[in-house]
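Student: I am new to this structure. Please take one part, the place where the two protein chains meet, and go through it closely. Then carry on outward from there.

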2 protein chains.
Amino acid sequence: MPADADSKARTPLTRERVLEAAIRLADEGGIESLTMRKLARELGVEAMSLYNHVANKGDLVDAIVDLVVGEIELPSTGVDWVADIKRCAVSAHEALLRHPWACGLVLSPGTIRALPAPRLRYMEWLLKRLRETGFSPELTYHAYHALDSHILGFTLWQLGHSISAIDVDGSKDLAELVDKFLRQLPAADYPYLAEHAQQHVTAPSGDGARQFEFGLDLILDGLKRARETA
Amino acid sequence: MPADADSKARTPLTRERVLEAAIRLADEGGIESLTMRKLARELGVEAMSLYNHVANKGDLVDAIVDLVVGEIELPSTGVDWVADIKRCAVSAHEALLRHPWACGLVLSPGTIRALPAPRLRYMEWLLKRLRETGFSPELTYHAYHALDSHILGFTLWQLGHSISAIDVDGSKDLAELVDKFLRQLPAADYPYLAEHAQQHVTAPSGDGARQFEFGLDLILDGLKRARETA
DNA sequence: CGTCTAGCCTTACGCCGTAAACTTACACTG
DNA sequence: CAGTGTAAGTTTACGGCGTAAGGCTAGACG
């Protein structure tokens with residue numbers, strides 16, 4: 001038995017394997033459950049071995065966040081700037097929903113360092129798309145802030161709401177959770193909140209994406225009008 | 001010497017004193033520097049004593065977040081709904097900037113529990129102001145999401161950018177930091193990003209608030225138009 | 001064959017949150 | 001007054017965290 005029948009034959013650790021396993025762990029249990037010891041165990045290795053492929057935990061976290069940011073689609077420039085930006089924004093929204101732990105880390109990075117390349121590429125793409133469409137530098141300045149903050153901010157906002165709904169106990173049916181919330185809410189004191197929660201119960205699936213695009217359209221419409229009146 | 005000349009005479013711990021000290025610690029060193037042991041030391045007490053006034057660390061954190069949310073001004077209903085909502089939003093923005101650790105915790109609460117009273121009051125106020133202005137339930141549903149996510153999301157977005165600028169090394173002059181960033185940026189690859197960073201250098205102080213209101217106005221204008229065309 | 005080196009492991013340190021058991025101080029009751 | 005109950009603070013201890021320091025081993029290369 002010359003081959004890998006023995007437990008001795010371990011597939012060697014690589015930075016890729018480490019990062020991939022880290023993303024898997026974070027996807028499954030949230031970023032706070034990503035631990036050097038647990039990650040090592042997952043890879044059949046001791047914790048300190050990870051440090052041969054990763055400077056420290058901050059470096060590890062930064063790296064996996066970069067991988068997620070790298071998933072964002074940056075469409076090649078088309079004729080319709082609104083459509084291009086919307087496609088990018090929706091793609092970012094989806095990527096961040098796939099990895100719910102990443103959004104908070106992009107918004108408030110723990111370790112401070114030079115902005116990583118994937119984030120730079122994304123920023124440059126958005127700025128370029130605006131400027132080449134004819135936006136003035138001044139309008140682009142504000143438009144970028146409004147767009148980027150909506151993409152990241154709304155997504156984290158949505159995640160905060162749905163995660164808390166899912167986590168509050170085992171049941172992952174959001175409608176049922178909101179229903180329970182409604183029943184314990186003193187509806188007399190909060191009639192409009194009760195109405196709002198009720199709307200969430202009856203909302204169709206995929207409602208989060210629709211809300212995201214509602215706010216996005218508000219911003220894009222406003223920008224379009226601002227550009228035309230300028 | 002019957003009075004408090006002796007070190008024995010300690011002002012007794014109360015929940016208020018604990019929460020107040022916790023906010024002070026978090027304001028100074030960020031939420032991750034808020035530790036039961038450090039907080040106790042700050043109060044001249046042992047860590048375990050805190051548990052007489054606070055269920056656990058999650059309870060403590062929830063409580064101080066609630067205090068911050070409670071600082072948000074909810075104007076009594078005036079004639080101009082845009083002005084009322086703007087006042088509330090700006091007040092929330094300011095409160096969250098005063099306590100930079102709070103925004104992330106409101107957006108993605110660590111401990112899950114029933115929504116706390118201050119948050120309920122805030123939500124109800126905003127929903128009520130929209131509905132009583134004449135917004136349909138459907139439009140209110142989306143308007144609330146757009147507004148709340150902008151208030152929290154943009155603020156966290158802004159904090160993430162300014163904090164990373166401040167923390168990267170000792171100098172707290174943001175312009176100087178951006179300048180350093182600019183010099184190390186391969187400007188040939190990122191011309192628009194360089195332009196954008198340059199704008200930040202020359203931006204007047206208080207620019208964050210202006211950006212916040214730019215996005216807010218975009219949303220409010222869109223909502224106003226949506227209500228009129230409906 | 002000897003030596004170098006990269007990759008992994010072992011041990012250890014100082015943090016963290018907090019359970020459990022204790023001491024103390026005081027208020028109330030007989 | 002003594003006796004007792006209770007609330008507040010302390011001590012000790014446990015398991016988990018990130019990671020510094022150093023040891024071990026297997027293959028590469030002269």
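Tutor: Start with a cut-off. A residue counts as buried under 20% relative accessible area, as exposed over 50%, and as partly exposed in between. Keep in mind that this is a predicted model.

Now take A:Leu185. Its relative accessible area is 7%, so A:Leu185 is buried. Where does A:Leu185 sit? It is in the loop between α8 (174-184) and α9 (191-202) of chain A. What does A:Leu185 touch, leaving out residues up to four places away in sequence? On its own chain, the partners are A:Tyr190, A:Leu193 and A:Ala194. From the other chain comes B:Leu120. A:Leu185 therefore takes us to the boundary between the chains, since it is buried and touches a residue of chain B.

Step back to that boundary. Contact joins 58 residues of chain B to 58 residues of chain A. The size of an interface is often given as the accessible area lost when the parts come together. Here chain B and chain A bury about 5000 Å² between them. Carbon and sulfur atoms make up 70% of that area. Three residues of chain B stand out: B:Tyr141, B:Trp157 and B:Tyr192. They supply 14% of the area that chain B buries against chain A, more than any other three residues.

Next, the polar side of the boundary. The rule finds 2 salt bridges across the interface of chain B and chain A. A:Glu195 forms a salt bridge with B:Arg131, with 2.7 Å between the closest N and O atoms. There are also 22 residue pairs in polar contact across the interface.

Which helices of chain B each supply at least two residues of the side that touches chain A? They are α6 (117-133), α7 (137-167), α8 (174-184), α9 (191-202) and α10 (207-229). The largest share, 20 residues, comes from α7(B). By class, this side of chain B has 31 nonpolar, 14 polar and 13 charged residues.

Two of these helices also hold salt bridges within chain B. In helix α8 of chain B, B:Asp179 and B:Arg183 are 4 residues apart, about one turn of the helix. They form a salt bridge, the closest N and O atoms being 3.0 Å apart. B:Asp179 is partly exposed, at 30% relative accessible area. B:Arg183 is exposed, at 62%.

In helix α10 of chain B, B:Arg210 and B:Asp207 are 3 residues apart, so about one helical turn separates them. Their side chains meet in a salt bridge at 3.3 Å, N to O. B:Arg210 is partly exposed, with 42% relative accessible area. B:Asp207 has 9%, which puts it under 20%, so it is buried. Chain A has a network: salt bridges that share partners join A:Lys86, A:Glu213 and A:Asp217.

One further pair in chain B is set apart along the sequence. The side chains of B:Arg87 and B:Glu73 meet in a salt bridge, 2.8 Å from N to O. B:Arg87 is in helix α4 (residues 81-98), B:Glu73 is in the loop between α3 (57-70) and α4, and the two are 14 residues apart. B:Arg87 is partly exposed at 45%, and B:Glu73 is partly exposed at 35%. Over all chains, a search of the whole structure finds 22 salt bridges.

Finally, the DNA. How many residues surround DNA strand C? There are 18, and the closest are A:Glu46, A:Ser49, B:Arg37, B:Tyr51 and B:Lys57. Sugar and phosphate account for 56% of the strand C atoms within 4 Å of the protein. The side chain of B:Arg37 has an N or O atom 2.4 Å from a base nitrogen of DNA strand C. The side chain of B:Tyr51 has an N or O atom 2.7 Å from a phosphate oxygen of that strand. For B:Lys57, a polar side-chain atom lies 2.8 Å from a phosphate oxygen of DNA strand C.

Around DNA strand D there are 17 residues, and A:Arg37, A:Tyr51, B:Glu46, B:Met48 and B:Ser49 come nearest. Here sugar and phosphate make up 51% of the strand D atoms within 4 Å of the protein. Backbone atoms also take part. A polar backbone atom of A:Met36 is 3.0 Å from a phosphate oxygen of DNA strand D. For A:Lys57, the corresponding distance is 2.9 Å.

Notes:
Residues numbered from 1 in each chain as written. Chains lettered and ligands numbered in written order. Predicted model: local features only at pLDDT ≥ 70, side-chain atom pairs only at ≥ 80, totals over all residues. Heavy atoms only, no water. Contact = heavy atoms within 4.5 Å. Buried area = accessible area lost by both parts, 1.4 Å probe. Salt bridge = Lys/Arg side-chain N within 4 Å of Asp/Glu carboxyl O. Polar contact = N/O pair within 3.5 Å; in protein donor to acceptor, adjacent residues only side chain to side chain. Nonpolar A, V, L, I, M, F, W, Y, C, P; charged D, E, K, R; others polar. Buried < 20%, exposed > 50% of the residue type's maximum accessible area, 1.4 Å probe, protein only. Near = heavy atom within 4 Å.
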